[in-house]
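Hi,

Here's the structure I said I'd pass along. Have a look, and then read on for what turned up in it.

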Amino acid sequence: MTPMLKKTLIVISILAIASGSYYFYRQHQRQSPEQRFRIQTVEKGDLVQMVSANGTLNPVVLVNVGTQVSGTVTKLYVDFNDKVVKGQPLLELDQSLLSAQSRQSAANVVNVSAALDLARANEVRMKALFEQEYVSRQELDQAVQARKSAEAQLAQAKAAADKDRVNLGYTVIRSPVSGIVVDRIVDLGQTVAASLQTPTLIKIAQDLSEMRIDTSFAEADLGKIKEGQKVRFTVDAFPDRSFTGEVQQIRMNPTITQNVVTYNVRISLENPDQILLPGMTAYVNIAVARRKDVLTVPNAALRFKPADVSDREPKPAAAIPPAPPAPGNGAQQRGGRSKKRDTNSGTVYVVDGRELRPVNLQIGITDNRNTEVVGGDLKPGDRIVVGEKPVANSKPSSVGMRLF
């Protein structure tokens, strides 16, 4: 095959491909909107606007049980998930050293008490001798001072003995509350040191029938949340079950991470079956607005912008009071000068014969799937475009041309 023939065949192939592409493009242009686009009829319905966040389930009261004395763990009376009552022994530390100190202090009290008895007897004798003028006033005063000093030493010895006795009692760690052991930090034979900071040995949840959720909501959603609002949430352990709670507190301490400001919203809930456990991740939804029997459009229709529709200006929406913005919208970034985008308006494309007509709308709340229409030239029954249909691939020709 000569080079000239090869070039001719290549040019013919390119022209054939271009002609076929242009043919399919014209065929696509001649298609009706029903064939080219996904269309949905505008209807009325109910909308519930939600704000969402993730949180962690925690007990209402979680007590970290520690120790005030150092020692080696010699006995363990409880383990994970055990129920305990207030005052119940949890574990014991080695008592050898503290027991010896307590006995030494007790012996010192006896010794000082004997010295006090002698000082009191000397004082009595000195008073009798002073009355008979056998001793001077100075000697009597010295006897009185010795008696008072012995009394002070006895009080000091008793205080030291009480301290050692209390420390000996601290070797038996008792539960400060009634509840359930959710964590045990130490094991048998482990040495704990109580120096500057009390070490945590056991964690006890006081009552798992009442729990709380600590969540982080964005500042854009915070203005819609009020104390006492009902809350629905789910957990991964029970994906097919929904639980309820109530907003208990909105904490005023913000958390700023990479210029994103969030606030802790605490939610209280009942857990009578005690199936919700501490540490579970809760997916929280709070209903902040409701609309009954309103005109709605899919959010996909508001996002749709056809590439080949004429650029004529849409008809302005009717002037109405501004509706509340959809959740999560607002300023783009906090750094520098930021500009808020208009969250109260949108555009949809209505099927008008074989053409699409853009219509401006005033929009209200959204449930992230549908949005409320509060103004604009749109009525129930209108057909709007929600997306383009995928173009079917043309079947390859059964007749091929071998170029080389």
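Which residues do ring pairs link into a cluster? Phe37, Phe304 and Tyr349. Bear in mind that this is a predicted model.

On the aromatics more broadly, the structure holds four aromatic pairs. One of them is Phe37 with Phe304, an edge-to-face pair at 5.6 Å centre to centre and 75° between the planes. That pair ties together distant parts of the chain, since Phe37 sits in strand S1 (residues 37-41) and Phe304 in the loop between H6 and strand S16 (345-352), 267 residues apart. Phe37 is buried, at a relative accessible area of 3%, and Phe304 is buried too, at 8%.

Another pair is Phe233 with Phe243, this one stacked, with 5.5 Å between centres and 25° between the planes. Phe233 belongs to strand S12 (residues 230-235) and Phe243 to strand S13 (residues 238-257). Phe233 counts as buried because its relative accessibility is 1%, under the 20% cut-off; Phe243, at 9%, counts as buried as well.

Arg303 is in helix H6 (residues 299-303). Arg303 is exposed, with a relative accessible area of 61%. Its C-alpha lies 8.1 Å from that of Val348, though the two are 45 residues apart in sequence.

Then there's helix H3 (residues 96-131): 36 residues, reaching 53 Å from first C-alpha to last, close to the expected 52 Å. Its buried residues include Leu98, Val109, Leu116 and Glu123, and the buried residues of H3 pack against helix H4 (137-169). Just after H3, Glu133 takes a positive phi of about 65°.

Cheers

Definitions and conventions. Residues numbered from 1 in each chain as written. Predicted model: local features only at pLDDT ≥ 70, side-chain atom pairs only at ≥ 80, totals over all residues. Heavy atoms only, no water. Helix = DSSP H or I, 4+ residues; strand = E, 2+ residues; numbered from the N terminus. Buried < 20%, exposed > 50% of the residue type's maximum accessible area, 1.4 Å probe, protein only. Expected span 1.5 Å × (residues − 1). Contact = heavy atoms within 4.5 Å. Phe/Tyr/Trp six-rings, centres within 6.5 Å; stacked < 30°, edge-to-face > 60°.
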